[in-house]
Every structure is written in structure tokens, then in C-alpha cells.
Amino acid sequence: MSLSLTSHERALLDGADDASALAMRVVVAAADLLGADRLIEVESAHIDGCLYHGDGGVEFAERLVAGGGRVAIPTTLNVGALDLLHPGMVRAGAHRTAMARRQMDAYVALGCLPTWTCAPYQGAGQPGAGQAGVGQSGIGQSGHRPAFGTHIAWGESNAIAFANSVLGARTERYGDFLDACCALTARAPLHGLHLDANRRATVVIDASAVPRALAADDVFYPVLGTWLGLEVGRDVAAVTGLPRSVTEDQLKALGAAAASTGAVALFHVVGVTPEAPTLEAATGGVPPARRVTLSADVIRGARDRLSTTDADTIDAVAVGSPHFSLEEFRRLVPLVQGRRMAVPFFACTGRNVLAALEASGDADTLRDAGVDIVVDTCVVVTPILPAAGGVLMTCSGKFAHYGPANTGYEVVYGSVEECVASAADGRVVRDEVAWTW
């Protein structure tokens with residue numbers, strides 16, 4: 001074996017603790033496959049493997065519990081297949097419901113925090129509307145925000161992109177069930193985006209031609225991310241020409257869409273994200289392999305790709321993929337206040353954000369308008385949307401990308417303002433002015 005292990009790592013591998021030994025065997029095997037010559041100590045984990053896809057996932061988690069497994073580092077949990085606070089929200093048979101609950105319970109028994117969110121980095125007090133900045137270590141009111149430069153093992157594609165890009169932490173793409181094994185051992189293979197050389201941008205995107213009004217609008221960032229994922233795949237891009245006022249919620253939307261249409265795990269926005277104070281810093285001083293200039297045709301094409309139908313009417317609206325932040329709800333509340341939605345309207349979020357909405361009274365305002373607040377899960381990974389099918393409108397690039405295949409609904413993309421207006425009228429309401437340039 002070419003992999004070099006420390007005495008502690010060998011002790012875990014050969015130890016009597018069945019769960020830790022199993023987890024270390026998986027981590028070592030992954031490192032061998034990836035060509036890593038050693039492991040890296042990680043400071044936190046976010047586990048995607050708690051979502052029920054079949055009985056094997058349940059059995060794996062329960063084997064770790066039976067073997068005495070406990071996570072060795074602070075560990076948050078991604079969405080599960082149930083809304084545990086609103087049991088009637090999910091339409092699922094007895095077997096699926098029971099197994100999904102067992103899987104969620106098993107990860108809590110391993111010592112993971114029951115956050116049940118795809119956006120663990122945002123809490124009830126995260127700076128969602130402010131300029132992006134470097135997070136602080138720890139898990140608390142502001143969410144699970146690893147410090148700049150720390151090595152972590154995160155699952156969930158948007159969370160990976162956010163941690164790498166916006167926080168400047170370092171994680172590779174840790175999927176089911178490697179993420180859990182990293183959490184139990186506090187180790188991950190030293191490869192990929194853990195290494196300086198792989199974090200520099202090799203593609204430069206010039207967004208200076210995008211009108212300032214559009215570049216300041218939330219509706220632009222899922223579109224930019226959709227195009228970016230298709231254009232660069234797994235490569236690291238540096239985007240120039242965006243305003244320094246770009247918000248965390250906008251960067252969240254950009255990364256989520258780029259990770260959906262491509263495999264983007266790290267991007268830089270020059271002058272905004274922490275590893276890109278300048279273009280030279282983002283590229284490491286190495287000339288990029290290519291440069292691309294955004295045009296109106298390119299952006300409109302990406303926007304149009306997010307809609308799969310030109311229907312005039314809609315049957316449901318869903319927002320919150322990644323989960324809505326408190327700041328996004330603060331923008332949604334005045335839009336729905338005093339109105340009544342004509343079609344089902346679902347807003348997905350984390351429990352900590354829901355608690356803040358309940359405390360402020362905003363949850364009542366949303367419900368009075370006909371907005372159903374979903375926690376612990378989302379409408380694309382489990383049956384929540386009306387079974388009849390039809391047309392779903394969303395402001396989420398990720399929902400738009402995965403919705404048709406996962407839910408059977410055709411999709412219309414629009415801003416959150418357009419989603420609310422369309423839900424109130426039951427027909428598609430969109431404004432083309434912002435896209436004409």
C-alpha cells in the first residue's frame with residue numbers, strides 16, 4: 001500500500017472499535033483509489049447520506065451505531081426524506097416512512113447534529129443580505145461555518161460549493177457514505193481541492209457586460225450558475241465584473257446551480273470571495289487556459305434552459321433549494337402579505353430559520369397567504385408536491401434542473417417576485433425587461 005498512515009490512523013484501522021475500523025477501511029480504500037499518498041485531518045463534516053434512497057443506506061448507518069460508532073468532529077446532517085415537524089407533509093408508504101425515520105435516527109445516534117438542511121452554513125442570524133465574508137469555526141446561531149483554510153469533509157453539492165467558494169474552507173466532493181466515514185475518523189484523503197494547486201482558477205469569465213441592475217438581482221445568479229456548470233464542468237472558474245455587493249444568498253444560488261448542471265465544487269468571484277481579492281490571486285499568477293465573455297444571448301439561453309414548458313398556467317410553486325435563508329424569507333413575506341395563493345406554494349428551509357419565523361410572527365403571515373413551510377427535507381427529494389402533476393414554478397436553479405426528472409412536473413423559472421405573482425394569479429407572470437440588453 002503506497003498510502004502513508006500515522007500511528008493514530010493505523011490504530012483506528014486495526015482497532016477493536018468495529019465502527020471506527022470499518023470507517024477507516026473505507027477512507028483508506030478511497031484514498032488508494034484517488035491516488036492520495038496520505039490522509040488529512042478534517043475539522044468538521046456535513047453528511048448527505050442521511051437521505052433515504054433504499055434499505056442499504058439504513059443498514060449501513062445502523063451497522064455503524066451497532067459497532068459503537070460516534071462522530072469524532074462536529075457534524076451536521078443534510079435533508080432527510082421526512083419532515084419530522086409536519087408528519088403529514090410527505091406522502092409515503094409505511095415501509096418508506098419507517099426506513100427513512102430509522103436512517104435519520106441512526107445518524108443522530110452517531111452524535112450528528114439534527115440540522116436536516118442542505119444549507120448548514122446559514123443559521124437564523126447568518127449575514128445573508130450582506131457582503132460575503134469569511135465564516136468563523138463552530139456551529140451556532142450563524143450556522144456551521146468552518147474557518148478560512150480549514151480542511152473539512154462535506155457532502156451535498158451546494159454545501160460543498162459554498163464551503164469552498166464563499167467560506168474558503170477546503171473540501172472535496174464527499175458522497176454517501178464516505179462522508180460518514182470521514183466524520184467517524186476525522187480523516188479524509190489528501191487530494192483534489194484540499195491542495196493549493198487545484199484551487200486556482202483555470203477559466204476566467206468576464207461578466208462586465210451584464211447590466212448593473214441585472215447583476216444586482218437575485219434572479220440572475222441561478223442563471224449564471226446554470227451556464228457556468230455547463231460551460232466549465234469540474235474546472236475552477238474566476239468570474240470578473242460582478243458588483244462587490246454580491247450577497248451570500250446570491251453566491252449560494254450560483255454555486256447550487258453550477259453544481260447541478262456541472263460538477264462545480266469551487267468558483268471565485270474576483271473582489272468578493274475570500275481567495276480572489278484579485279484575478280492574479282484567483283489564478284495563482286498562472287495564465288488561464290481560456291477566457292469567456294458573457295453576452296446577452298448566452299445569459300438568455302441559460303435562463304430559457306431552466307424552463308421546460310411555455311405553459312401559461314401553473315399548478316404549484318416551490319422555493320428554497322438550497323434551503324431559504326432568513327433574509328430570503330424577509331424578502332418573501334412582504335410579497336405575500338395580504339394576498340392568497342391560488343395554487344400550492346411550498347417554501348423549504350431549516351428548522352433554525354423556521355424557529356426565527358415563528359418567533360417574529362412571519363410564519364403566520366406566510367401560512368395565512370397559503371405558503372406551506374417545509375423543513376427537514378425538500379419537494380424534489382421526497383413526495384410533497386400534489387400527486388396530480390402539472391407545471392411547477394420556481395426561482396431555484398437547482399429545483400428547475402432536477403424537478404422534471406424527480407417530480408414529474410414541468411418547470412417554469414422566474415424571480416421570487418414572479419413566483420408570488422404567478423401563484424396568486426394561477427398563471428405565469430414574468431417581466432422580460434431585465435433580460436433585454
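## Exercises on pockets, sheets and helices

About 410 Å³ of space lies in the largest pocket. The structure is a predicted model, in which local features need pLDDT of at least 70 and side-chain atom pairs count only at pLDDT 80 or more, while totals for chains, interfaces and linings use all residues. Residues are numbered from 1 along each chain as its sequence is written, and side-chain values use heavy atoms, with hydrogens and water left out.

### Exercise 1: the pockets

Find which residues lie nearest the centre of the largest pocket, and work out how its lining divides by class.

Step 1. Start with the term: on a 1 Å grid over the protein atoms alone, a pocket is an open set of points with protein on both sides within 12 Å along at least five of seven lines, a cavity is a set of points where a 1.4 Å probe fits but cannot get out, and lining residues have an atom within 4 Å of a point. A volume is the space filled by probe spheres set on the points, which are joined across faces, edges and corners.

Step 2. Of the 20 residues that line the largest pocket, L51, E156, V381, K398 and Y402 lie nearest its centre. Helix α15 supplies the largest share of this lining, four residues. Helices (H or I, at least four residues) and strands (E, at least two) are DSSP runs, numbered from the N terminus.

Step 3. Sort the lining: 10 residues are nonpolar, five polar and five charged. Here Ala, Val, Leu, Ile, Met, Phe, Trp, Tyr, Cys and Pro count as nonpolar, Asp, Glu, Lys and Arg as charged, and the others, Gly among them, as polar.

Step 4. Now try the second largest pocket, with about 170 Å³ of space. Its lining includes E172, R173, R200, R234 and D235, and the classes come to three nonpolar, three polar and five charged.

### Exercise 2: the cavities

How many cavities of 30 Å³ or more does a search of the whole structure find? Say which element gives the most to the lining of the largest one.

Step 1. The search finds two such cavities.

Step 2. The largest cavity has a volume of about 290 Å³. Its lining has 23 residues, and D218, A253, F324, E328 and C395 lie nearest its centre. Two or more lining residues come from each of α9, β12 (316-324), α12 (326-336) and α15.

Step 3. Helix α9 gives the most, with six residues. By class, this lining has 10 nonpolar, seven polar and six charged residues.

Step 4. The second largest cavity has a volume of about 40 Å³. Among the residues around it are V219, R303, Y413 and W435; the lining divides into three nonpolar, one polar and five charged.

### Exercise 3: a helix pair

Are α9 and α15 roughly parallel or roughly antiparallel?

Step 1. The axes of α9 (residues 248-261) and α15 (residues 397-407) come within 7 Å and cross at roughly 30°. That angle makes α9 roughly parallel to α15. Angles under 35 degrees count as roughly parallel, over 145 as roughly antiparallel, 65 to 115 as roughly perpendicular and the rest as oblique. Axes are lines fitted to C-alpha atoms, for helices over the stretch in contact, and angles run from 0 to 180 degrees between N-to-C directions.

Step 2. Look at the contact (heavy atoms within 4.5 Å): A257, S260 and T261 in α9 meet G397, K398, H401 and Y402 in α15. It has two nonpolar, four polar and one charged residues.

### Exercise 4: two sheets

Which strands stand at the edges of the four-stranded sheet and of the five-stranded sheet?

Step 1. The four strands form an open sheet in the order β10-β9-β8-β11, with parallel pairing. Two strands pair if DSSP finds at least two bridges between them.

Step 2. β10 (267-269) and β11 (290-293) each have a single partner strand, so one side of each is left without a neighbour in the sheet. Inside it, β8 (residues 203-206) and β9 (residues 237-240) pair over four bridges, and V203 stands opposite A237 in β9.

Step 3. The five-stranded open sheet has the order β14-β13-β12-β15-β16, also with parallel pairing. Its edge strands are β14 (371-375) and β16 (410-413). The twist averages 25° from one strand to the next.

Step 4. Five bridges join β13 (residues 345-349) to β14, where V371 is the bridge partner of F345.
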